[in-house]
Amino acid sequence: MALNLLSPTEIKAISFLDSSKSNNSYLLKLQGGIALKRKDYGATFGKRIHCSTQPPPPAWPGRAVAEPGRKIWDGPKPIAVVGSTGSIGTQTLDIVAEHPDKFRVVALAAGSNVALLADQVRQFKPKLVAIRNESLITELKAALSDFEPKPEIISGEEGIAEVARHPEAVSVMTGIVGCAGLKPTVAAIEAGKDIALANKETLIAGGPFVLPLAHKHKVKILPADSEHSAIFQCIQGLPEGALRRIILTASGGAFRDWLVGKLKEVKVSDALKHPNWNMGKKITVDSATLFNKGLEVIEAHYLYGADYDNIEIVIHPQSIVHSMVETQDSSVLAQLGWPDMRLPILYTMSWPERVPCSEVTWPRLDLCKSNSLVFKAPDCVKYPPMDLAYSAGRAGGTMTGVLSAANEKAVELFIDERISYLDIFKVVEKTCDKHRNELVLRPSLEEIIHYDLWARKYAASLAQSSLEPAMV
């Protein structure tokens, strides 16, 4: 089911009448407010849902079991960090600093933040350092001119890949955002490194290529985001075939308490007011639209092999339950904790071990302080990206990467005030619809990157043509 926005002159608003599904559609009653009309994605880019092509093998087929005797290093675990100056990278290094007996850094890669990268080199003493922006290599060398022992310093995309495949690294934290993180991740997999996965595009865009490659090289892909880490923790030790359903929790974002009719009035400042925490602009807007959760549905499918019919989203405003799994006997297992990205990052780095942490810097969960825990079904009218993401996931191949890239561009256009909030969904829908005749079910890495770039360009072109003026 999909919802197409109508012009204000056609219909003024909509309210949800009946959420019971019938032939992949919903019953809607139009009343005065935002205008939506019904569309079945099965007739558009979702028409390839029933494809005979086998999906790629999941990273973890519904269960996680540590292989005995797999440890292949002495002393602290040697890691490489790709994207060391970003949010994931800095939190990873904070964990290393707190647990030097457990981890050591052998290689770092960053984009252009010379000052922070130089500070990281001084603190963690890696043997290899790469900076993507080649014009800054002289500045980085100058910033480290008085530092010993000097690391090897390289630059460019190949330099980032060299960090990812560093011979001493056992695990690589992939913190680069977007398709830029795909090539170093592939380099790490080909070198036999386990992947601490914080780059969504690795699976959303690259799943059909990356997963077979990981199985070929016997590499483990360990999820570092909170929802998929929660699922990963819940499936530890499950017997084969025990997983029935995955339940992803969502905060509901900035507009979880807004009436649907008010969404046409959304300003950028409204979308950036997350009710629970402060995050970057892109992820905060994705939380408001629930695109982030739709993308996580696709990741869950690739990570755990669950059918899309068995992956559900629930709104959980407190963000204490990070996700759940249901087993075949109807037991539901959940992972709980205060909202803190360091915990899933740490578990990704230490698995299958559990590292003792200080109560001062890692507050323990007190359920008596968390008051009540509330769960409710998401409103598909308020959050139409959910259905779009499910349809893209079922189409498979390059469609999921196109979805993600188009959304990234659409959010950028919204933040720059070039399109309206409700146009975000329309841009992504039109881009996916345009791609349906070029869908590649078993793409190469080059095809994945090609369609990522294509989707961004096509989405940008929509803002200059059919979406002017804004639709609502």
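**A walk through the chain, starting at helix 7**

Hi everyone, let's start at one small spot: Lys-218, just after helix 7, takes a positive phi of about 55°. Before going on, please keep in mind that this is a predicted model.

Now step back into helix 7 itself, which covers residues 207-216. Which of its residues are buried? They are Gly-207, Pro-208, Val-210, Leu-211, Leu-213 and Ala-214. Here is a handy rule for reading such a list: an α-helix has 3.6 residues a turn, so residues three or four places apart point the same way. And what do the buried residues of helix 7 pack against? Their partners are helix 5 (182-190), helix 6 (201-204), strand 11 and helix 11.

Let's zoom out to the whole chain. It has 16 helices and 15 strands. Of its 472 residues, 55% count as buried. The accessible surface comes to about 20100 Å², and carbon and sulfur atoms hold 51% of that. If you take the contacts with a separation of 6 or more, 71% of them are between residues 24 or more positions apart.

Next, the sheet. You can find an open sheet of 7 strands, paired in parallel, with the order 8-7-6-5-9-10-11. Strand 8 (152-155) and strand 11 (221-223) stand at the edges with a single partner strand each, so one side of each has no neighbour in the sheet. On average, neighbouring strands here are turned by 25° against each other, ignoring direction. For one pairing in detail, look at strand 6 (residues 103-110) and strand 7 (residues 128-131): they run parallel and are joined by 4 bridges. If you want a residue to click on, Ala-110 stands opposite Ile-131 in strand 7.

Now for the aromatic rings. A pair of aromatic rings is described by the distance of the centres and the angle of the planes. How many aromatic pairs does a search of the whole structure find? There are 9. One of them is Phe-255 with Tyr-421, an edge-to-face pair with 5.1 Å centre to centre and 80° between the planes. Those two residues are 166 residues apart, so to speak from distant parts of the chain: Phe-255 is in the loop between strand 12 (243-250) and helix 9 (268-271), and Tyr-421 is in the loop between helix 14 (399-415) and helix 15 (423-435). Phe-255 and Tyr-421 are both buried.

Why does the pair of Tyr-308 and Tyr-390 count as edge-to-face? Their ring centres are 6.4 Å apart and their planes meet at 75°, and an angle over 60 degrees earns that label. This pair also links distant parts of the chain, 82 residues apart, with Tyr-308 in the loop between helix 11 (291-304) and strand 13 (311-315) and Tyr-390 in helix 13 (residues 385-395). Both tyrosines, Tyr-308 and Tyr-390, are buried.

Rings can gather in groups, too: Trp-60, Phe-232, Tyr-347 and Trp-351 form one aromatic cluster. And charges can sit over rings. Lys-262 lies over the face of Trp-258, 4.2 Å from the ring centre. Likewise, the charged end of Arg-342 is over the ring of Trp-362, at 4.3 Å from its centre.

On to some backbone details. Trp-351, from the aromatic cluster, is joined to Pro-352 by a cis peptide bond, with omega near 10°. Pro-352 is in the loop between helix 12 (342-350) and helix 13. The peptide bond from Glu-148 to Pro-149 is cis as well, with omega near -5°, and Pro-149 is in the loop between helix 3 (137-143) and strand 8.

Remember the positive phi of Lys-218? Leu-290 has a positive phi of about 75°, although it is not a glycine. Leu-290 lies in the loop between helix 10 (281-289) and helix 11. Is Leu-290 buried or exposed? With a relative accessible area of 0%, Leu-290 is buried. Ser-319, also not a glycine, has a positive phi of about 55°. Ser-319 is found in the loop between strand 13 and strand 14 (321-327), and at 7% relative accessibility Ser-319 counts as buried.

Let's finish at Ala-455, in helix 16 (residues 445-463). Its relative accessibility is 0%, so Ala-455 counts as buried. What does Ala-455 touch, not counting residues up to four places away in sequence? The answer is Val-402, Ala-405, Ala-406 and Thr-431. Lys-409 is 46 residues from Ala-455 along the chain, and their C-alpha atoms are separated by 8.4 Å. Thanks for listening!

How values were computed:
Residues numbered from 1 in each chain as written. Predicted model: local features only at pLDDT ≥ 70, side-chain atom pairs only at ≥ 80, totals over all residues. Heavy atoms only, no water. Phe/Tyr/Trp six-rings, centres within 6.5 Å; stacked < 30°, edge-to-face > 60°. Buried < 20%, exposed > 50% of the residue type's maximum accessible area, 1.4 Å probe, protein only. Lys NZ or Arg CZ within 6 Å of the ring centre and 35° of its normal. Contact = heavy atoms within 4.5 Å. Areas by Shrake-Rupley, 256 points an atom, 1.4 Å probe, with all protein chains shown as cover. Pairing = 2+ DSSP bridges. Axes fitted to C-alpha atoms, helices over the stretch in contact; angles between N-to-C directions.
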